[in-house]
Each structure stands twice: as C-alpha cells, then as structure tokens.
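This report describes a helix, its packing against a neighbour and one further position in the chain. Please keep the sequence and the model in view while reading.

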Amino acid sequence: MFLSRVRQALSLAVNREELVSAVLNGNGRTGFVALQGILSTFLVRIPVSYYMSTRPNASLMGVGLAAPAATVFGILLCLGYYFVLKQEITNNGKAGKRV
C-alpha cells in the first residue's frame, strides 16, 4: 500500500516537471530547460546515486531515489525561473532576453 502511494506521488512529480519544461520550451526558453536538465543530472542525480551506492547495505531502492530527488530539484529550478520571469514581466511589461 505504502509503495503504491509513493509510486503515484513520484509519477505526479515527474509529470509536473515535464509539464513545466514543456511550457517553457513552448515559450522559447529552450536554453533554460536544457540547463535545468543538465544541472539536475550532474548536481543531484549522479551524486545521490553514488552516495547511496557506497553506503553499507546499499540497495536499488536507495539508488533509485536519485531520480525523484533530481525531479524535485528540477521542479524547484523551473518554479524559481517562472517567478523571475513573472517579476520581469510585471516590472517591465515584457520578459527580458530569452535564456
């Protein structure tokens, strides 16, 4: 029961990250989406996977937690970028240079 709820929550998180990335891609912010993917992979997914694999009694469950951790990091990056863009539009009436 618990694992099925965890799987549902993780699939919702992944779907939300894909949705935010798709909106930014459609808005011409492809550079940021690429940067967000690279940062979440190299700053979160790989280090968490490595750390969890070197712990005593390492398991695939622990290593597998790296993907959701990277997803949460990516969502936070996208939301932060969204609020920065929203602030630029509010202040200037338009978004600045596309990244």
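## Helix α2 and its surroundings

Helix α2 bends by about 35° at T41, the bend being the angle between axes fitted to the seven residues ending there and the seven starting there. The model is a predicted one, in which local features need pLDDT of at least 70 and side-chain atom pairs count only at pLDDT 80 or more, while totals for chains, interfaces and linings use all residues. Residues are numbered from 1 along each chain as its sequence is written, and side-chain values use heavy atoms, with hydrogens and water left out.

Because 1.5 Å is expected for each residue, the 25 residues of α2 should span 36 Å, which agrees with the 35 Å between its end C-alpha atoms. The buried residues of α2 (under 20% relative accessible area, with a 1.4 Å probe and protein chains only) are F32, V33, Q36, S40, V44 and M52.

Helix α2 packs against helix α4, and the crossing is right-handed. The contact (heavy atoms within 4.5 Å) includes F32, Q36 and S49 of α2 and A66, F73 and Y81 of α4. The packing can be set out as follows.

| Feature of α2 with α4 | Value |
|---|---|
| Angle | about 145° |
| Axis separation | 8 Å |
| Nonpolar contact residues | 13 residues |
| Polar contact residues | 4 residues |
| Charged contact residues | 1 residue |

S49 of α2 also relates to L60, which lies 11 residues away in sequence and 9.5 Å away in space, C-alpha to C-alpha. L60 belongs to helix α3 (residues 60-64), and L60 counts as exposed because its relative accessibility is 75%, the cut-off for exposed being over 50%.

Definitions and conventions:
Helices (H or I, at least four residues) and strands (E, at least two) are DSSP runs, numbered from the N terminus. Axes are lines fitted to C-alpha atoms, for helices over the stretch in contact, and angles run from 0 to 180 degrees between N-to-C directions. A crossing is left-handed if the near helix is turned anticlockwise from the far one by less than a right angle, and right-handed if clockwise. Ala, Val, Leu, Ile, Met, Phe, Trp, Tyr, Cys and Pro count as nonpolar, Asp, Glu, Lys and Arg as charged, and the others, Gly among them, as polar. The expected span of a helix is 1.5 Å times one less than its number of residues.
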